[in-house]
Each structure stands twice: as C-alpha cells, then as structure tokens.
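Morning, everyone. One structure today, and a quick walk through it. Have a look first, then I'll start.

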Amino acid sequence: MKLDKFNFKKIFYFIFLLFLVLIILGCDNGNIFGWTHNKGSNKDTAALLADGDRALRDKDYKKAERYYREILERDPNNSLALYGLAQALAGQSGLDFNSIVTNILNTSTSHGEPLIPNLSDLQRMYGSSQAMIDALEQIASGHADGSIKSNDLDVNANLGVALVINAALGLLDTDRDGQMNGPNDLVNIDDKYNITLNKDINQLTDGEKTAILAQVEQAIVDIIGGNKAAAILGPGFSGDTSEKGALNYLETACNSDDLPNKDAINETRDLVENFFQNSNKQADEYDLKSLWFALKN
C-alpha cells in the first residue's frame with residue numbers, strides 16, 4: 001500500500017520529533033541514549049564526568065564527590081575530575097565556586113559587599129578545606145593532565161580565596177578540636193580579617209603561645225607563600241618555604257587574559273595583603289605579621 005503525501009509527512013515529523021527527544025534526554029550523559037543510563041553504572045570516565053557534572057547542577061554534592069573520586073582512583077591527574085571534586089567539597093560546605101569568582105569579578109568593597117565569604121558561614125568547610133585546596137593546587141601547579149590550564153582564571157581565583165579561608169579557619173581553632181570559636185580557642189577574626197585575642201598576649205601561657213604561633217605560621221604561608229614569609233620574617237620563621245600562597249594564585253588570576261575586570265580582583269588582593277600586614281589596624285588588633293612578632297618576643 002502506498003503512503004499518501006500527507007501520511008508520509010506525519011510519519012517523517014514523528015520520527016524527527018522522536019529523534020529530537022532522544023537527543024535532549026541524552027545530553028546529560030553525552031550520548032543520545034543517555035536516558036537509559038543508570039547514573040554511576042557506566043564506569044567510563046566520560047560517563048562518570050557527565051554524572052558528576054549533573055549531580056553538581058542538581059546540588060547533590062555528595063553524589064558528585066563520589067563520581068569524581070571514582071575517576072581519580074583510576075586517573076589521579078584528571079583535571080576535570082579534580083576541579084569537579086573541589087566544587088563538590090565546596091558545595092557541601094555551602095560555598096559556591098561560581099559565586100566566588102562572580103563576586104570577585106563584579107563586586108567591589110565600595111558597594112559594601114564582602115569580596116570573600118564571611119567566616120561565620122564556613123564552619124562546615126573546615127573539615128574539607130585542605131582536600132579542596134589539594135585538588136586545585138594539583139591543577140595550578142601543572143601536575144594534572146593539562147585539560148584545564150595551570151593559569152586558568154577560575155582555578156587560581158578559587159584557590160586564592162580557599163587558602164585565605166583555610167588560613168582563617170585554622171586560626172579560629174587554636175586548640176585543634178575541629179570546632180571554630182570553641183571555649184578554649186583564643187583568636188577572633190572579623191569580616192575584614194582583623195585579628196584580636198581573647199586574652200592579653202602577656203597573659204598567654206607558653207603552651208598557648210606555641211599553639212597560636214603554629215597556626216599563625218601556617219596562615220602566613222597560606223597567604224603570602226613560604227619563600228616570601230621566610231624573606232620577611234627572617235631566620236625565626238619555621239614554616240614550609242616550598243608552598244605558594246593565596247597572593248601568588250590571585251596574581252596569576254589577575255594576569256589572566258580571561259579577566260574582564262582587574263579592579264575588583266585587585267581589591268580582593270589588597271584585602272588579603274591586609275590580613276598579613278595592615279597599617280590601619282586598631283590598637284587592640286593584630287595582623288598576621290604583627291601577631292607573629294608579638295608571639296616570638
């Protein structure tokens with residue numbers, strides 16, 4: 001039986017629409033039959049990356065972490081999985097990488113908005129911050145597979161901010177019990193990263209001074225890097241001189257060709273520098289440099 005022209009057109013449009021639906025349903029997993037795919041069942045790297053990216057979009061950060069870690073067990077230098085893992089860990093802490101970079105690029109302190117997240121919101125980040133930094137540093141140091149460039153704007157901007165937060169979180173937990181601002185913690189930091197102590201520095205015990213000094217030295221390395229810290233602080237400094245700091249990574253981000261607005265990231269860099277050395281601090285306030293010297297004396 002011959003098909004008339006009208007029925008042929010209907011069949012053609014039906015097949016076309018069906019094919020289009022298959023494409024749309026399959027986009028999440030990178031193939032037109034992706035709608036049949038049970039997420040995580042396909043152990044192919046491309047499929048796991050697609051599953052991880054979908055979990056990130058759905059804000060299912062624990063599931064995203066699982067997918068990215070599964071990739072990294074087989075391919076520890078996979079840049080896309082490393083960056084995805086860092087995003088997933090940040091998301092579990094209530095931190096959105098995209099919003100960090102957006103705030104840095106589009107916001108200035110003259111608008112009254114903080115350029116880096118408030119510390120009061122970041123208790124959940126404390127446990128995962130180092131793993132997040134390690135993943136980003138592997139990309140930024142050039143030790144990953146190169147699918148994300150080491151000078152990538154997002155990687156370096158997020159890494160710089162993550163190091164600042166990590167430095168502050170460590171200072172807020174001087175007794176190392178995993179809880180910021182606990183009853184035995186001695187350091188306070190405000191949203192502008194000015195430092196105060198809960199006790200007069202002359203009343204600190206030797207044990208308290210030692211505990212705070214260890215955290216201050218790590219914070220200094222996190223902020224300005226070990227080499228610069230050793231050059232500024234002299235032979236009394238015992239931190240790791242091989243580590244880069246937030247300012248190194250923010251400088252790389254500032255030099256990125258993808259950066260549309262250098263003014264805002266320069267303001268972020270100024271705020272970070274003030275965390276280390278601030279000429280406008282009040283009489284009862286410290287920056288990292290002045291606190292280090294006060295504890296050493």
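I'll start with a single residue. Lys 59 is exposed, with a relative accessible area of 57%. Lys 59 sits in the loop between helix 2 (45-57) and helix 3. Its backbone is worth a look: phi of Lys 59 is near 60°, a positive value in a residue other than glycine.

Keep in mind that this is a predicted model. So how far do we trust it? Mean pLDDT for the protein chain is 81, and 76% of its residues reach 70 or more. Among the elements, helix 3 (residues 61-74) has the highest mean pLDDT, 96. Helix 1 (residues 5-26) has the lowest, 45. Over residues 14-37 the pLDDT is below 50. That stretch still has 19 contacts in the model beyond near neighbours in sequence. Residues 108-113 are also below 50, and there the model has seven such contacts. Where pLDDT is low, the predicted coordinates should not be read in detail.

Now the overall layout. The protein chain has 12 helices and two strands. Along the sequence, the pattern reads α-α-α-α-α-α-α-β-β-α-α-α-α-α. Of the 297 residues, 45% are buried. Take contacts between residues at least 6 apart in sequence: 57% of those join residues at least 24 apart. On the outside, the chain exposes about 15,500 Å². Carbon and sulfur atoms supply 50% of that area.

Next, the interior. In soluble globular proteins, nonpolar side chains tend to be buried together. Here the largest nonpolar core has 73 residues. Which element gives the most to this core? Helix 7 (residues 153-171), with 11 residues. Apart from the main core lies another, of six residues. Its members include Leu 153, Ala 157, Ala 253 and Ile 265.

Back to the main core. Which residues have the most contacts inside it? Phe 275 and Leu 288. Let me stay with Phe 275. Its relative accessibility is 0%, so Phe 275 counts as buried. Leaving out residues up to four places away in sequence, Phe 275 touches Val 164, Ala 167, Ala 168 and Leu 171, among others. Ile 189, Tyr 193, Ile 195 and Ile 223 are also among its contacts. So are Asp 287 and Leu 288.

That brings me to the rings. The count comes to two aromatic pairs. One of them is Tyr 193 with Phe 275, an edge-to-face pair. The centres are 5.0 Å apart, with 70° between the planes. Tyr 193 lies in the loop between strand 1 (187-189) and strand 2 (195-197), and Phe 275 lies in helix 11 (residues 262-276), so the pair ties together parts 82 residues apart in sequence. Tyr 193 is buried too, with a relative accessible area of 2%.

The other pair is Trp 292 and Phe 293. Stacked or edge-to-face? Centres 4.9 Å apart, planes at 85°, so this pair is edge-to-face. Trp 292 is buried, at 2% relative accessible area. Phe 293 is partly exposed, at 33%.

One last ring. The charged end of Arg 66 sits over the ring of Tyr 67. The distance to the ring centre is 5.5 Å.

That's the tour. Over to you.

Terms used
Residues are numbered from 1 along each chain as its sequence is written. This is a predicted model: local features need pLDDT of at least 70, side-chain atom pairs count only at pLDDT 80 or more; totals for chains, interfaces and linings use all residues. Side-chain values use heavy atoms; hydrogens and water are left out. pLDDT is the predictor's confidence in each residue, from 0 to 100. Helices (H or I, at least four residues) and strands (E, at least two) are DSSP runs, numbered from the N terminus. Contact means heavy atoms within 4.5 Å. A nonpolar core is a set of buried Ala, Val, Leu, Ile, Met, Phe, Trp, Tyr and Cys residues joined through side-chain atoms within 4.5 Å. Buried means under 20% relative accessible area, exposed over 50%, partly exposed in between (1.4 Å probe, protein chains only). Rings of Phe, Tyr and Trp (its six-membered ring) pair if their centres lie within 6.5 Å; planes under 30 degrees apart count as stacked, over 60 as edge-to-face and the rest as tilted. A charge sits over a ring if NZ of Lys or CZ of Arg is within 6 Å of the ring centre and within 35 degrees of the ring normal. Accessible areas come from the Shrake-Rupley method with a 1.4 Å probe; for residues, only the protein chains shown count as cover.
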